[in-house]
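Got your viewer open? Load the model below and keep the selection tool handy, then follow the stops one by one.

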Amino acid sequence: MNAISMRRPSVALLIIVSLLLSGQIILNPSLFIDDRAAESATFVVQAGDADLATELVVQAGGSVEIQLELIGAVSATLPVDAAEELAGLPGIEVARDAQVSLASTDEDASVDDLTGHIDALNLPEHRTSTDDQLLSTGSGLGIGVALLDTGVANHPDLAGRVIDGPDLSDEAGTSAEHLDSYGHGTFMAGLIAADGPVPGAAPGSHIVSVKLAGADGDTSLSRVIEGIGWAVMNADRYNLRVLSLSFGVPTDIAPEDDPLVAAVQAAWAAGIVVVTSSGNEGEGVVTSPGRDPWVLTVGATDNALSSVPEWSGSGSVGDLARPDVLAPGVSVISLRAEGSTVDEENPSARITVDDGPADYFRGSGTSMSTALVAGAVAVLAESRPWATPDDVKAALINSGVPVPGSDAPAIDLAAAERLEADPDWNQQHPVVPSALVPKTMPWTDHRAPGPQETWRRLDLADLQAAARAGWADAAFQRARWADAAFQRARWADAAFQRARWADAAFQRARWADAAFQRARWADAAFQRARWA
């Protein structure tokens with residue numbers, strides 16, 4: 001089925017900023033209605049091959065902004081009528097590269113418990129440092145988490161563990177003062193990896209920040225797909241095992257027609273666990289890409305795991321219930337990005353710890369729940385280095401704690417660590433056609449090792465040896481998805497070689513080249529929009 005947003009709401013993107021807020025997303029109808037008055041607009045055109053999509057756009061009288069090799073698509077400016085004609089061609093998908101706006105409401109919150117959200121995750125008992133201080137088990141040591149958000153500000157609780165990836169925002173090339181001028185990404189990074197008085201779920205992990213938006217919070221679908229593509233390309237370089245996406249947009253578009261779904265499935269097939277939110281729209285609405293059946297979709301609960309807030313997104317997509325799991329997302333405490341937009345607009349959310357500076361902030365939303373689960377996945381990945389994304393997802397679901405009023409369980413990380421592998425953990429959903437996604441997930445091949453092998457735990461001696469060698473060094477990288485066991489999964493056979501995440505065709509995207517830096521993904525109307 002061809003999808004074009006002029007006939008129904010298209011997938012768009014906005015980071016769900018819900019610091020201090022329950023966060024309600026409002027679609028801007030003018031961006032989605034059948035607007036014949038508009039002469040042109042920006043679209044994402046999928047053709048299974050970026051070069052073919054480029055050719056079609058040019059023939060239709062449009063101009064290509066950038067190729068999105070990950071999903072065989074382009075971001076392009078097209079006459080509206082021409083975009084509709086392209087959408088009618090067999091095998092071509094066209095979606096409006098539009099945005100949504102955030103409206104928010106205040107929420108009363110208690111700040112008495114600084115670590116309740118971490119305690120609720122039930123972290124493993126062996127989360128302690130060894131005598132020789134070579135590693136801290138159960139902390140996500142050496143695991144990279146790609147955080148696609150608004151950037152990460154300098155904060156002492158993250159010192160030395162934030163790597164700046166590409167800046168895809170309109171602030172690219174400006175001073176370091178704008179690392180996170182909006183404030184959302186810093187909050188999420190703290191929930192994942194902070195090691196101060198308000199700890200994250202995985203304080204041994206490192207954050208790779210892919211900045212999508214600046215001080216005004218503007219971003220777009222094409223920026224996000226670019227960011228996901230960059231993470232896939234650089235997964236081995238930074239040992240990226242987790243992709244944290246604290247954003248979503250309400251849409252009724254089918255997952256198989258959704259270009260954002262195609263992108264997250266490409267990351268999943270690359271061995272990266274994609275963790276994303278169910279949205280803040282309440283019962284009956286699940287946002288994209290959380291609608292995708294493959295990824296790990298997260299809803300919110302309170303710290304006591306006793307209730308689900310009314311704003312936490314839930315519902316069915318096809319015959320599949322969403323979200324998959326729940327995690328704390330009510331009155332959560334994390335890091336403050338001083339001077340950022342959300343900081344200036346919500347001074348009452350600032351938190352002081354132990355009579356120190358007000359370096360912390362309060363917020364609520366499924367964004368927070370998503371970041372906590374991303375950290376939990378990093379902890380699992382530390383001791384389960386060969387686990388597939390399907391393994392991790394199934395382990396968290398099957399070991400979860402029931403929560404009243406929800407079909408999804410709250411995660412219990414210690415229980416997930418103890419769980420025995422199940423041969424039925426591999427998912428069987430259809431795969432969305434995309435440029436770099438194989439027809440099936442590689443670990444589902446009949447020659448691939450099953451969960452009993454991929455879920456095997458490393459013992460302490462193995463972990464210490466790995467720490468001495470360096471988790472991110474070349475030897476470890478070679479051992480990851482390309483070791484002997486995974487060779488049997490056809491990662492290196494002819495069919496999979498054609499995908500070649502880093503092959504010449506994909507390299508043509510040139511993520512950081514001058515043309516990319518000059519690209520302006522959003523038109524003037526888009527730039528005028530604001531998150532809040």
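What follows is a short walk through this predicted model, one selection at a time.

**Stop 1: the seven-stranded sheet**

Switch to cartoon view and pick out the open sheet of seven strands. Reading across, the order is β8-β9-β7-β10-β11-β12-β15, and the pairing is parallel. Which strands sit at the edges? They are β8 (162–167) and β15 (325–328), and each of these pairs on one side only. Look along the sheet and compare neighbouring strands: on average they are turned by 30 degrees against each other, direction ignored.

Now zoom in on residues 144–149, which make up β7, together with residues 240–245, which make up β10. These two strands run parallel and are joined by four bridges. For a landmark, click Leu147 and look for Ser244 in β10, which stands opposite.

**Stop 2: helices against the sheet**

Select residues 259–269 to light up helix α7, which packs on the sheet. This helix touches β10, β11 (273–277) and β12 (296–301), and its direction makes about 145 degrees with that of β11.

Next, select residues 366–383. This is helix α9, and it lies across β7, β10, β11, β12 and β15. Set α9 against β12 and you'll see an angle of about 125 degrees.

**Stop 3: a hairpin**

Jump to strands β3 (residues 63–68) and β4 (residues 73–79), which pair in the antiparallel sense over five bridges. Click Ser63, and you'll find Thr77 of β4 opposite. Together β3 and β4 form a hairpin, with four residues between them. In the turn, select Gly72: its phi is positive, at about 65 degrees.

**Stop 4: two cis peptide bonds**

Show the backbone as sticks for this one. Go to the loop between β11 and β12, where Pro289 is placed. The peptide bond joining Ser288 and Pro289 is cis, with omega at about 10 degrees.

Then head for the loop between β14 (320–322) and β15, where you'll find Pro323. The bond from Arg322 to Pro323 is cis too, and omega is near 0 degrees.

**Stop 5: positive phi without glycine**

Select Asn122 in the loop between α3 (116–119) and β7. Asn122 is not a glycine, yet its phi is positive, at about 55 degrees. Buried or exposed? Asn122 is partly exposed, with a relative accessible area of 32%.

Ser331, in the loop between β15 and β16 (332–335), also has a positive phi of about 55 degrees although it is not a glycine. Turn on the surface here: Ser331 has a relative accessibility of 12%, so it counts as buried, the cut-off being under 20%.

**Stop 6: a covered helix**

Select residues 389–398, helix α10. How many of its 10 residues are buried? Eight are, so the helix is mostly covered. Among the buried ones are Pro389, Asp390, Lys393 and Leu396.

**Stop 7: a pair of tryptophans**

Last stop! Searching the whole structure turns up two aromatic pairs, and one of them is Trp425 with Trp455. Their ring centres are 5.3 Å apart and their planes stand at 85 degrees, so this pair is edge-to-face. The two residues are 30 residues apart, and the pair links distant parts of the chain. Trp425 is in the loop between α11 (413–418) and α12 (451–454), while Trp455 is in the loop between α12 and α13 (460–469). Both tryptophans, Trp425 and Trp455, are buried.

Methods
Residues numbered from 1 in each chain as written. Predicted model: local features only at pLDDT ≥ 70, side-chain atom pairs only at ≥ 80, totals over all residues. Heavy atoms only, no water. Pairing = 2+ DSSP bridges. Axes fitted to C-alpha atoms, helices over the stretch in contact; angles between N-to-C directions. Contact = heavy atoms within 4.5 Å. Buried < 20%, exposed > 50% of the residue type's maximum accessible area, 1.4 Å probe, protein only. Phe/Tyr/Trp six-rings, centres within 6.5 Å; stacked < 30°, edge-to-face > 60°.
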